[in-house]
Amino acid sequence: MDNNFLSIIIVTLNRKNEIVKCIETILTQDFKNFEIIIIDNNSSDNTSEIIKKKFPNVRLYKTYKNMGTSYTRNAAVNFSNGENILFLDSDTYFKDNKTLSDMVKKLKGEIH
C-alpha cells in the first residue's frame, strides 16, 4: 500500500441523515486515495441499509449491540489498509474539496 493511502473511519449510531452528508462531502474531495470504513454501532434507523444502497464502495460493519465509540474505532483500525488513519464523527462535513489533500500534505511535511 502506498504511504499516502488514508483510511477514514467513522462510527455511527442512528445518524442516517448525518452520515449520508458526511460521506457525500468526503467523496467530493480532490484527494481520492482513501477508503471509508463505517462502523454502525447497532443503529435502529436503517443506517446500514441506506449506506449499502447509496455507497456500495464504502466498507460497512454493523455491531450486534452498541459497543461504544472507543471499542469500535479500535476494531476498525484492524480492518483498515491505510498508512494513515482519520477518525471522523458521523456529523463531520468538509467545508471545501481540498481538506484531505491539505491534511495529507501537512502529514508529509509539505505544508508548515
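## A walk through the chain

Among contacts in the chain between residues at least 6 apart in sequence, 72% join residues at least 24 apart. Please keep in mind as you read that this is a predicted model.

Let us begin with the overall build. The chain has four helices and four strands, and reading along the sequence gives the pattern β-α-β-α-β-α-β-α. The C-alpha trace spans about 45 × 25 × 20 Å along its principal axes. For 112 residues, a compact globule would have a radius of gyration near 13 Å, and the 14 Å of the chain agrees with that. As for burial, 38% of the 112 residues of the chain count as buried.

### Two helices side by side

Now for a helix pair. Two packed helices are described by the angle between their axes and by the distance between the axes. Here, helix H1 (residues 16-27) packs against helix H2 (residues 47-54) at an angle of about 30°, and their axes lie 9 Å apart. That angle makes H1 roughly parallel to H2, because angles under 35 degrees count as roughly parallel. The crossing in which H1 passes H2 is right-handed.

Which residues make the contact? On the H1 side they are Lys16, Ile19, Val20, Ile23 and Glu24, while H2 brings Thr47, Ile50, Ile51 and Lys54. Sorted by character, the residues of this contact divide into five nonpolar, one polar and three charged.

### Two asparagines with positive phi

The loops that precede these helices deserve a look too. Most residues other than glycine have a negative phi. Asn14 has a positive value, with phi near 55°, and Asn46 also has a positive value, with phi near 70°. The table sets out both residues.

| Residue | Phi | Loop | Relative accessible area |
|---|---|---|---|
| Asn14 | near 55° | between strand S1 (6-12) and H1 | 35% |
| Asn46 | near 70° | between strand S2 (34-40) and H2 | 48% |

Where in the chain is Asn14 placed? Asn14 is in the loop between strand S1 and H1, and Asn46 is in the loop between strand S2 and H2. Are they buried, exposed or in between? With a relative accessible area of 35%, Asn14 is partly exposed. Asn46, at 48% relative accessibility, counts as partly exposed as well, because exposed means over 50%.

How values were computed
Residues are numbered from 1 along each chain as its sequence is written. This is a predicted model: local features need pLDDT of at least 70, side-chain atom pairs count only at pLDDT 80 or more; totals for chains, interfaces and linings use all residues. Side-chain values use heavy atoms; hydrogens and water are left out. Axes are lines fitted to C-alpha atoms, for helices over the stretch in contact, and angles run from 0 to 180 degrees between N-to-C directions. Helices (H or I, at least four residues) and strands (E, at least two) are DSSP runs, numbered from the N terminus. Angles under 35 degrees count as roughly parallel, over 145 as roughly antiparallel, 65 to 115 as roughly perpendicular and the rest as oblique. A crossing is left-handed if the near helix is turned anticlockwise from the far one by less than a right angle, and right-handed if clockwise. Contact means heavy atoms within 4.5 Å. Ala, Val, Leu, Ile, Met, Phe, Trp, Tyr, Cys and Pro count as nonpolar, Asp, Glu, Lys and Arg as charged, and the others, Gly among them, as polar. The radius of gyration is taken over C-alpha atoms; the globule rule is 2.2 Å times the number of residues to the power 0.38. Buried means under 20% relative accessible area, exposed over 50%, partly exposed in between (1.4 Å probe, protein chains only).
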